[in-house]
Amino acid sequence: MASDIALSPAPTYHRPRWVLPIIVFAQFACTSLWFAGNAVLPDLLPDLLPDAWLRSASLGEMVSAVQLGFIVGTLVFGLLRLADRVAPARLFLLCAVAGSLTNAGLLLPGPTPVVVLGLRFATGLCLAGIYPVGMKIAADYYERGLGRALGYLVGALVLGTALPHLLRLLAADVEWKAVVLATSGLALAGGVLLWALVPNGPYRRPGARLQLGTAWQVFRERPFRRAALGYFGHMWELYTFWAFVPMLLVTHARLHPESGPFGPGWAFGLIAAGAPACVAGGYLAQRFGSLRTARAALAVSGACCLLSPLLLALPRPAFGVAVLVWGMAVVADSPQFSALVAQRAPATATGTALTLVTCLGFALTIVSLQSFAALQGHADARYLFLLLAPGPLLGLLATRTARPQNADDSRR
C-alpha cells in the first residue's frame, strides 16, 4: 500500500518551529468566519433585515446554509482533488480571501434574505478550502507526530466552536458591523500569514492529473476505510452534543430547581474544555499511538451517552465533573482519527482523502442534528442523549480489529 512506504525528506531538513503555531493560528482565524460570525448574526440581523420571514424561519437556516456550503465545497474539492493538485498554502489563501469577502458582504446595504443566505452558503464553500486543507498542510510537515500536530489544530477549532457562547455574553456591547469586520480581517490575516510563512511541506507529494473516478478509490483500502468509519462514528455524536449542550444544562436545572440555572459561561466552558483535551490526546498518541488514543476517548464519550439519564440525576457538583469529562472526551478523538485517515491514505491523495472524509462526516452531522431535533417534542429530555450512543459504539466496532500501521503511528 502506498501509505505504508516511508517517505522521508533530506536528512538535513529541520522543521521551523513557527510552522505549527502559524498553521494553528491560521486555522482558528479562518474558521472564525463560520463559528464566531454565526454566533452574533442571528441576534443582530433583525435590526439589519426587518423582513419578517428572516426573523422567524431563516435565522436557523443561516447556520444550515454555511453547513451545506461546507459539505458541497468539500465534495467538489475532493472530487477535483484540488488539495493534492494545487499548492495547499495557495489554496488556503485563496479560500481565506474569498471567505473574508463573502463574510464582509453582509455589510452591503439593503440585502435580501436570498442574498444573505447565498453569502453564508458561499462562506461555507470557502471553509471547505480551509479546515481540511489546514490538516493537509500539517500532514505535509509531520510524517510522524501528526497526531500531536493535529491535536493542536483541532484544539484551535474547538476554541472557535466555543467562542460563540462567549460572544453571546459580549454581543450586547459590540456593534454587529464591528464583529463582521473583525472576523473578516482575522481570516484575511490568517490566510496571508500561512501563505507567507508556511511553504510546501517536505512530505508533500503532488497528486496526479485529474481523474474523477479515482477520488473514491481510497475507500477500497481496508485500513483507511476502518479509520474513516471510526471518524464517522465520532462525528455522529460531536456536533449534536455541542449544539445541545445548553439544553443538557437546562434539563439538569429543571430536574434540580434547588440548584438554580446554569450561567451562560457553562456552555462555553464545557465545549472549550475539548481544546486542552485535544492537545493532551496528541501527546498521549505519541506514546500509545493514535488508534488507541482515539478508541479510548470514543469509549469514554460513548459511556457518557449511555449513562446520560443517570448523569442528569446527579447533584450539580458531580454532574458538572461528569459533563466536563464528556466535553473533553467527545472531541479528543477527532485529531487522532484525522491523523489515521491521513496516514492510511495514498501519499498522493492525502488532501483528497481528508477532504472527502470530512465532507461525509459533516453530512452525517446533519442527520444526527435533525434526528435529535425531531425527537425533542416527542421524548423526555432525560433520554434524548441516548440517541448519540450509536455513533461511538459503531465507531468502536469498526476499529476493533484495526491494527496500527507501525508500533507508533504518530511518534517523531
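In this predicted model, the number of disulfides is zero. A disulfide is a covalent bond between the sulfur atoms of two cysteines. Cys-305 shows why no such bond is counted for its sulfur: the closest cysteine sulfur, in Cys-304, is 7.1 Å away, whereas a disulfide needs the two sulfur atoms within 2.5 Å. Cys-305 is also buried, with a relative accessible area of 0%. Cys-278 is likewise buried, at 0% relative accessibility.

**Nonpolar core**

In soluble globular proteins, nonpolar side chains tend to be buried together. Here the largest nonpolar core contains 102 residues. The residues with the most contacts inside this core are Leu-194, Phe-241, Trp-242, Trp-326, Phe-362 and Phe-385. Helix α10, spanning residues 222–243, supplies the largest share of the core, with ten residues.

What does Trp-326 touch, leaving aside residues up to four places away in sequence? Its contacts include two other residues named above for their contacts in the core, Phe-241 and Phe-385. Trp-326 also touches both Cys-304 and Cys-305. The rest of the list consists of Glu-237, Leu-248, Ser-301, Ser-308 and Leu-311.

**Aromatic pairs**

The structure has 13 aromatic pairs. Two of them, each edge-to-face, are set out below.

| Pair | Centre to centre | Angle between planes |
|---|---|---|
| Tyr-152 and Tyr-283 | 6.2 Å | 80° |
| Tyr-239 and Trp-242 | 5.1 Å | 75° |

The pair of Tyr-152 and Tyr-283 joins two helices: Tyr-152 belongs to helix α8 (residues 146–170) and Tyr-283 to helix α13 (residues 274–288), so parts 131 residues apart in sequence are tied together. Are these two tyrosines buried or exposed? Tyr-152 is partly exposed, because its relative accessibility is 27%. Tyr-283 is also partly exposed, at 40% relative accessibility.

The pair of Tyr-239 and Trp-242 lies within a single helix, α10, where the two residues are three apart, about one turn of the helix. Both Tyr-239 and Trp-242 are buried.

Tyr-239 and Trp-242 also belong to a cluster linked by ring pairs, together with Phe-70, Tyr-131 and Phe-362. Within that cluster, Trp-242 and Phe-362 are among the residues with the most contacts inside the largest nonpolar core.

**A charge over a ring**

One arginine is placed against an aromatic ring: the charged end of Arg-316 sits over the ring of Phe-262, at 4.0 Å from the ring centre.

Methods. Residues numbered from 1 in each chain as written. Predicted model: local features only at pLDDT ≥ 70, side-chain atom pairs only at ≥ 80, totals over all residues. Heavy atoms only, no water. Buried < 20%, exposed > 50% of the residue type's maximum accessible area, 1.4 Å probe, protein only. Core = buried A, V, L, I, M, F, W, Y, C linked by side-chain atoms within 4.5 Å. Helix = DSSP H or I, 4+ residues; strand = E, 2+ residues; numbered from the N terminus. Contact = heavy atoms within 4.5 Å. Phe/Tyr/Trp six-rings, centres within 6.5 Å; stacked < 30°, edge-to-face > 60°. Lys NZ or Arg CZ within 6 Å of the ring centre and 35° of its normal.
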